[in-house]
Amino acid sequence: MGDVVQMHFSTVDYVIFALLLVASAGIGLFYAFSGGRQRTTQEFLLADRSMSCLPVSLSLLATFQSAVAILGAPSEVYTFGTQYWFLGCSYFLGLLIPAHVFIPVFYRLRLSSAYEYLELRFNKTVRICGTVTFIFQMVIYMGVVLYAPALALNAVTGFDLWGAVLAMGLVCTLYTALGGLKAVIWTDVFQTVVMFAGQLAVIVVGTSQAGGISEVWRKAINGSRIASLDLNPDPLERHTFWTLGVGGVFLMLALYGVNQAQVQRYLSSRTEREAVMSCYVVFPCQQIVLSLGCLMGLVMFARYGEDSPLDKGYVKTKDQMVLYFVMDVFKDLPGLPGLFVACLFSGALSTISSAFNSLATVTMEDLIKPHFPSMTEAKATLLSKALALAYGLVCLAMAYVASLMGSVLQAAFSIFGMVGGPLLGLFCLGMFFPWANSTGALVGLFSGLVMAFWIGIGSFLTRMPGPAPLPHVNMTAPPLLGNMTTVALTTLVSAMTTTPRPRGVEAIYSLSYMWYSAHNSATVVLVGLLVSLLTGPMKEKDLTPGTVFPVLGTLLFFLPERYKEKLCCITPLGQKHKDSQPYLMAQLEKEGPRQQDEEEAEVRVREVGEKLVEAGLSPPQASTTLSPHSTQETAL
């Protein structure tokens, strides 16, 4: 890119960008030195289960809306039109199912980690496999999400690349390691406001410069950028109503149903009702975010038409195009480019901080605590903070690795996407199919991962020959699941070419990336069920109460009770089961030695008492003086 089109930040822009980092760090420090001062793992990892609906829902939204998405949606709409907007149709079921299926199961079991569920439902091996898969997924992605916006910023403005990476990485590590989940959620709230402000500023100024919204719409229609409803059922088509509206549901489930970063937010809510409400509040917010991204793409088209900055050689990749547009629109308005860059980096910060916190949680709860049951609460909290700090440094190292990968960045994105679908399948297998056993779960997960990598790598390799590849992800690359949005890959989408319809194995490699999650999760469920039936299905008496959602019992309501019992599909979710009390008491006993003071022990006994009353059972009789050790006696 020549110096002629290199744009630069003004002093005001640098000040606004610095204020974002200072404010984010300030929120983290505030929670480090206020309230309970993050002295317990409950407070550090789960915000003391005290969060209300609004901050949780805005945090869920911020985690979903990564920096790559802010760059990606407008360039997707600019290039291919508004077909992408139909992804919004998948949000309804993609949030309704987690709200009424996944949240009740996770919340009532009082989990700290989503993967703790896998041990309750299957066994410890399945839990560890799920945890390690998630850690692998997140570590690879963290560096990319930190490096990609910094690279785009450096290319367009000359903003120091590693200065931006280090500033973001260190500030994020600081407030996550000091302030815990409470700081992560409240910085997400602040960063969401900044994101909305930045995008709105670009749309308002850009629309006014283009001659008003009616002129933007007229140019979009004339340029065939307003897409109609495409009902083509072909799964090889990149974006149709079915791939976006139906395939997108599975992407949303992998993200909002079983991803640790989101599950942790549900579990931090004060009540189950508030956790469910946070899902409902996210729905309109997501529609607004999607509409803003699409609108920005149309405003870009109104400004440049078919003659894009990429074609002119002003930028090298599509993800740099949005930043070029912003700098172009705001060139006479100092401060506003800084606001948009703050918006962009808010997306990155919210995504990375969620990753740090969720990684610290699963490492602590799934890999360390089970081996050191007598660890004191103070030590466990200190270790959790050290883990968050360590993952922050790993993230910086991964950003450096990402810089060396060059166009192989797409491989990192692909690996991230390939892991989300199989994990969704593993949770669905446990939650909806009571007869699935641990052998079936392990073989199913392994099969799903093999299938995902086979298709992902095959798709990548079949597109290698031909013209020199641009540093974009191919158009059927897997989506970003977890605490990212499916839009992210569209920032790196290559131009479509007219080719004959692929057949055989090539057709599998050409599957639309929107179907990856559905395909891979279905593989896990089908293989898992088959292996479970061959190795001896689980009996109802062997299931931990509350780990199965009674969907089969509801669907097969017409069957006589004895057949339903043979199919092992009558376990109720409400835990009104003779084995509920021993399970809850075992949980209480397990946690007893780790309680640090009488007040905490009393709170835990009260919590379990309330749960037993809800389940229609008698609560434990609390003794008048509860010490950390007498908690165990009370449980017995």
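## Arg218 and Glu215 in helix α9

In this predicted model, the side chains of Arg218 and Glu215 come together in a salt bridge, with an N to O distance of 2.6 Å. Both residues belong to helix α9, which covers residues 213–222, and they stand 3 residues apart, about one turn of the helix.

Arg218 has a relative accessibility of 41% and counts as partly exposed, and Glu215, with a relative accessible area of 22%, is likewise partly exposed. Glu215 is not classed as buried, because its value of 22% does not fall under the 20% cut-off for that class.

## Glu119, Arg127 and Asp366

A salt bridge also joins the side chains of Glu119 and Arg127, where the N to O distance is 2.4 Å. Glu119 is partly exposed, with a relative accessible area of 26%, whereas Arg127 is buried, its relative accessible area being 6%.

This pair does not stand alone, for Glu119, Arg127 and Asp366 are linked in a network of salt bridges.

## Lys369 and Glu365

Lys369 and Glu365 form a further salt bridge, in which the closest N and O atoms are 3.2 Å apart. Lys369 counts as buried at 9% relative accessibility, and Glu365 is buried as well, with a relative accessible area of 10%; both residues are placed in this class because their values are under 20%.

## The count for the structure

The structure holds 10 salt bridges, among them the contact between Arg218 and Glu215, the contact between Glu119 and Arg127, and the contact between Lys369 and Glu365.

Terms used. Residues are numbered from 1 along each chain as its sequence is written. This is a predicted model: local features need pLDDT of at least 70, side-chain atom pairs count only at pLDDT 80 or more; totals for chains, interfaces and linings use all residues. Side-chain values use heavy atoms; hydrogens and water are left out. A salt bridge is a side-chain nitrogen of Lys or Arg within 4 Å of a carboxyl oxygen of Asp or Glu. Buried means under 20% relative accessible area, exposed over 50%, partly exposed in between (1.4 Å probe, protein chains only). Helices (H or I, at least four residues) and strands (E, at least two) are DSSP runs, numbered from the N terminus.
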